[in-house]
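Me: Hi! I've just opened this one and could use a second pair of eyes. Can we go through it together?

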Amino acid sequence: MKPFGVDDTVTDWILSHRGEPWTSFMQFITVWGDTLTLTLVVIGVAVLAWMAGRIDFAAMIVAGSLSGWAVMALLKVIFARDRPPVDDRLIEIGGYSFPSGHSMLSLVVYGLAVIIVHRLYPRVRERAGWLLVGPVLVALIGFSRVYLGVHWLSDVLFGWLFGAIWVTLCVAVHVQSSRRRQAARAARRTGKTQSSPS
């Protein structure tokens, strides 16, 4: 899969405008989409959910993140797009380019984290502005990949698209599972009531 025309245009423009302090800032930002950082976020949110008695939320972010990584790895193999030229890269990296794993998985992990934290803590719901931290961070991480020369723009855009789809699916599965559990509990309570002596 070859890059689109807009990919070359954007990369050329960025290459002509790179410099400090932006380079150091982008190298710092991109770390927030690394596997280690995202793993720590997943573990942290899962522990918070577990401590709050919401094992379902803990399972959602763990299962959603792991399955999202598997889907991302599969997509890379299917499309097999090469990364931008080595001479344009500011960091060393291997593997295929499409979609951007940093972009897709940061959206999955931080997206699910924001949803869970919003549901767990009333104070967060009262100050909804804090929820913008997730989308802003995801946007910066995606841009950093293009700036550092390790991804094309379309890698990032489709990474965000696939990530958003995966978050939507995870939430939909969680909602359906919650409804089934509630229906099962209601059925058990109804059965107990009907079987109790009058």
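Reply: Happy to! One term before we start: helices here are DSSP runs (H or I) of at least four residues, numbered from the N terminus. By that numbering, Met1 sits in the segment before α1 (5–15). Keep in mind that the model is predicted.

Me: Okay, which residues make the nonpolar surface patch?

Reply: Met1, Phe4, Val6, Leu157, Phe158, Leu161, Ile165 and Leu169 form it, and the patch covers about 660 Å².

Me: And which helix gives the largest share of it?

Reply: That's α8 (residues 153–195), with five residues.

Me: Switching to charges: how many salt bridges does a search of the whole structure find?

Reply: Three turn up. One of them pairs the side chains of Asp7 and Arg81, at 3.9 Å from N to O.

Me: Where do Asp7 and Arg81 lie?

Reply: Asp7 is in helix α1, while Arg81 is in the loop between α4 (55–79) and α5, so this pair ties together parts that are 74 residues apart in sequence.

Me: Anything odd in the backbone of that loop?

Reply: Yes, a couple of things. Ala80 lies in the loop between α4 and α5, and its phi is near 50 degrees, a positive value in a residue other than glycine. Pro99 belongs to that loop too, and the peptide bond from Phe98 to Pro99 is cis, with omega near -5 degrees. For context, most residues other than glycine have a negative phi, and most peptide bonds are trans.

Me: What about the peptide bond from Glu20 to Pro21, cis or trans?

Reply: Cis, with omega near 5 degrees. Pro21 is in the loop between α1 and α2 (22–30).

Me: Last topic, helix packing. At what angle do α5 and α7 pack?

Reply: About 170 degrees, with the axes of α5 (residues 101–120) and α7 (residues 133–147) 9 Å apart. Angles over 145 degrees count as roughly antiparallel, so α5 is roughly antiparallel to α7.

Me: Which residues meet there?

Reply: From α5 there are His102, Ser103, Ser106, Leu107, Tyr110 and Val114, and from α7 Gly134, Leu137, Val138, Ile141, Gly142 and Arg145. By class, the contact has six nonpolar, five polar and one charged residues.

Note on methods: Residues are numbered from 1 along each chain as its sequence is written. This is a predicted model: local features need pLDDT of at least 70, side-chain atom pairs count only at pLDDT 80 or more; totals for chains, interfaces and linings use all residues. Side-chain values use heavy atoms; hydrogens and water are left out. Axes are lines fitted to C-alpha atoms, for helices over the stretch in contact, and angles run from 0 to 180 degrees between N-to-C directions. Helices (H or I, at least four residues) and strands (E, at least two) are DSSP runs, numbered from the N terminus. Angles under 35 degrees count as roughly parallel, over 145 as roughly antiparallel, 65 to 115 as roughly perpendicular and the rest as oblique. Contact means heavy atoms within 4.5 Å. Ala, Val, Leu, Ile, Met, Phe, Trp, Tyr, Cys and Pro count as nonpolar, Asp, Glu, Lys and Arg as charged, and the others, Gly among them, as polar. Patches are made of residues with over 30% relative accessible area and no salt bridge: like charges are joined within 9 Å, nonpolar side chains (Val, Leu, Ile, Met, Phe, Trp, Tyr) within 5 Å. Accessible areas come from the Shrake-Rupley method with a 1.4 Å probe; for residues, only the protein chains shown count as cover. A salt bridge is a side-chain nitrogen of Lys or Arg within 4 Å of a carboxyl oxygen of Asp or Glu.
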